[in-house]
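Student: I should like to learn how features are read from a protein model. Could we work through one together?

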Amino acid sequence: MMKPFRIAVAVMAIALAGPLAAQDGEPQAGGTLNVVIQPEPPGLMIGLIQNGPTQMVAGEIYESLLRYDFDLTPHPQLAESWEISEDGKTYTFKLRDGVTFHDGKPFTSDDVKFSMDVFLRESHSRTRTYMEHVESIDTPDPLTVVFHLKQPFGPFIGIFEPGTAPMVPKHIYEGTDFATNPANNTPIGTGPFKFDEWVKGSYIHLVKNENYYIEGKPYVDDVYYHVIPDAASRAVAYETGKVDVLPGGAVENFDVPRIRDMENTCITDKGWEFFGPLSWIWINMNNKPLDDLKVRQAMMHALDREFAKDALWNGLGKVATGPLSSSTRFYAGDTPDISYDPVKAKALLADSSYNGETIRLLGLPYGETWQRWAEAVKQNLTEIGMKVEIVPSDVAGWNQKVSDRDFDLAFTYLYQYGDPALGVSRTYMGNNAAPGSPWNNVSNYQNPETDKMFNEAAEMAKPEDRRAAYKTIQDQIVADVPNLWLLELGLPTIYRCNIKNPVNTALGVNDGFRDVWIDKK
């Protein structure tokens with residue numbers, strides 16, 4: 001028996017009428033939006049490339065079935081409603097009528113099935129993993145698509161955003177080599193903006209989709225994404241009026257207060273709820289003495305993370321309590337204590353197997369803030385009696401060393417995608433620890449009990465059951481200290497105050513520009 005997904009019904013009118021975030025005055029049509037993009041994306045076919053810059057630009061070209069508000073509640077997008085069966089194994093989506101791709105061809109359930117069952121199964125590693133839970137997809141008519149799952153998969157309703165489940169045109173990609181299809185250079189989606197031009201090293205230009213299915217949107221005429229490699233130059237571009245929007249991380253943290261205080265400048269830390277960027281330090285437990293729990297506990301209590309937040313991140317973000325960000329579903333803040341306590345840290349270290357070994361700390365080569373953070377961590381660990389050497393590297397070198405497990409400690413941050421089954425379990429599952437990737441269970445944390453609990457929690461149909469299971473998982477992982485959790489990163493979007501509503505979903509600037517308007521008064 002099917003039952004309506006009540007949240008979808010309740011919010012449908014809101015999603016059809018306006019943005020997920022509150023409007024700021026009466027929208028005005030027209031104008032050009034200028035945004036920083038850095039680094040320059042390697043491509044814009046979001047079904048093939050999933051790095052941050054690609055998602056930022058292509059999220060305005062491609063769409064998925066749903067959007068997600070700041071609480072991660074799903075809202076209609078290409079799907080206008082949906083139902084989930086009582087047993088949690090059947091998802092039925094009703095699609096909007098009259099939607100077309102940018103080339104004028106209609107968007108139908110055949111495109112949904114092709115995108116999910118063929119294109120993304122082949123080309124998108126993360127979505128391929130989620131689709132392993134899907135037994136089959138039916139398309140009883142052009143505006144209905146039915147997913148039949150092998151077993152309940154609680155986070156399934158949370159995967160339908162453009163970075164994970166972009167809807168690609170079947171009529172362009174079917175029967176082709178996806179990676180070499182010429183359309184990859186001129187991407188075609190259903191989104192509010194169409195691809196116009198890409199001048200490599202300079203800018204990417206998107207123009208308004210005049211045939212967008214929501215009347216009157218988008219409000220702005222076009223969007224320029226400016227490629228500006230140097231952080232100081234990006235700040236200057238904002239100061240001089242060349243750009244209007246600085247996405248999170250576009251300028252160095254120490255520059256944020258100065259820019260924030262400029263005239264006609266607004267700032268928000270919203271728009272990261274879906275990603276939940278969490279920073280930590282990998283502990284290579286293959287290396288002694290890091291396999292000793294007391295050494296790991298000592299290091300955890302040695303880290304002054306409040307100092308890092310206040311001095312290095314200008315008070316932005318939150319001190320992490322464990323493996324989940326507070327914006328991720330089923331977060332539990334009352335995990336075992338991992339607070340700063342250098343006295344306790346020294347006692348634990350004295351009672352451990354640590355014997356004066358030099359610990360190699362691999363910093364994250366993402367700018368001065370991260371370099372300063374590595375120095376602060378070295379100082380914290382030195383103060384409790386450890387010897388630490390910071391290993392310099394560039395991005396390619398960092399990727400290689402972490403993939404090869406050639407480190408003792410290594411900075412990182414990863415996205416959580418709103419649900420522990422989507423973005424957390426991958427970094428703690430014992431069968432996902434093979435060298436060769438810098439994004440899997442790099443620490444080689446092995447706990448069959450948590451593996452079992454992760455698998456069971458993902459397949460629970462009732463949210464309250466999942467919450468209880470993930471509370472147990474978080475407590476156990478924090479007790480085992482496979483990583484040194486640092487901060488839930490605060491990556492503010494800075495923008496001119498007359499640019500209205502630039503961040504209006506849990507994906508921030510990655511999918512919200514259909515609702516942006518410019519106050520020209």
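The dialogue below takes up the sheet, burial, salt bridges, a surface patch and cavities in turn.

Student: What should be settled before any feature is read?

Tutor: This is a predicted model, in which local features need pLDDT of at least 70 and side-chain atom pairs count only at pLDDT 80 or more, whereas totals for chains, interfaces and linings use all residues. Residues are numbered from 1 along each chain as its sequence is written, and side-chain values use heavy atoms, with hydrogens and water left out.

Student: In what order do the six strands of the open sheet stand?

Tutor: Helices (H or I, at least four residues) and strands (E, at least two) are DSSP runs numbered from the N terminus, and two strands pair if DSSP finds at least two bridges between them. Here the order is β15-β19-β14-β18-β16-β17, with mixed pairing. The edges are held by β15 (318-319) and β17 (387-391), each with a single partner strand, so one side of each has no neighbour in the sheet.

Student: Which strands pair with β14, and in what sense?

Tutor: Strand β14 (residues 278-283) is joined to β18 (residues 409-414) by six bridges, and the two run antiparallel. With β19 (residues 483-488), β14 pairs over four bridges, also in the antiparallel sense. Residue by residue, I283 stands opposite L409 in β18 and I281 stands opposite F411 in β18, while W280 faces W485 in β19. In a regular strand the side chains alternate between the two faces of the sheet.

Student: How many residues of β14 are buried?

Tutor: Burial is judged by relative accessible area: buried means under 20%, exposed over 50%, and partly exposed in between (1.4 Å probe, protein chains only). By this scale six of the six residues of β14 are buried.

Student: Is A302 buried or exposed?

Tutor: A302, found in helix α8 (residues 293-302), has a relative accessible area of 2% and is therefore buried. Its C-alpha atom is separated by 5.0 Å from that of P342, although the two residues are 40 apart along the chain. K462 offers another case: this residue lies in the loop between α14 (448-458) and α15 (463-480), and its relative accessible area of 48% makes it partly exposed. The C-alpha atoms of K462 and G47, 415 residues apart along the chain, are separated by 31 Å.

Student: How many salt bridges does the structure hold?

Tutor: A salt bridge is a side-chain nitrogen of Lys or Arg within 4 Å of a carboxyl oxygen of Asp or Glu. The structure holds 21 of them.

Student: Which residue forms a salt bridge with D408?

Tutor: The partner of D408 is R360, with the closest N and O atoms 3.1 Å apart. This pair links distant parts of the chain, 48 residues apart: D408 is in the loop between α12 (395-404) and β18, and R360 is in strand β16 (residues 358-362). D408 counts as buried because its relative accessibility is 7%, whereas R360, at 27%, counts as partly exposed.

Student: Where do K452 and E456 lie?

Tutor: Both lie in helix α14, four residues apart, about one turn of the helix. Their side chains meet in a salt bridge of 2.7 Å, N to O. K452 is partly exposed at 46% relative accessibility, and E456 is partly exposed at 37%. Elsewhere, salt bridges that share partners join R67, K217, R514 and D515 into one network.

Student: Which residues form a nonpolar patch on the surface?

Tutor: Patches are made of residues with over 30% relative accessible area and no salt bridge; like charges are joined within 9 Å, and nonpolar side chains (Val, Leu, Ile, Met, Phe, Trp, Tyr) within 5 Å. Accessible areas come from the Shrake-Rupley method with a 1.4 Å probe, and for residues only the protein chains shown count as cover. In this model Y366, V395 and W439 form such a patch, with about 280 Å² of accessible area together. W439 is found in the loop between α13 (420-423) and α14 and is partly exposed, with a relative accessible area of 37%.

Student: How many cavities of 30 Å³ or more does the structure hold?

Tutor: Rolling a probe the size of a water molecule over the atoms shows where empty space is left. On a 1 Å grid over the protein atoms alone, a cavity is a set of points where a 1.4 Å probe fits but cannot get out, and lining residues have an atom within 4 Å of a point. Grid points are joined across faces, edges and corners, and a volume is the space filled by probe spheres set on the points. The structure holds two cavities of 30 Å³ or more, and about 60 Å³ of space lies in the largest cavity. Its lining includes G59, Y62, R67, Y212, D511 and R514.

Notes: On a 1 Å grid over the protein atoms alone, a cavity is a set of points where a 1.4 Å probe fits but cannot get out, and a pocket is an open set with protein on both sides within 12 Å along at least five of seven lines; lining residues have an atom within 4 Å of a point.
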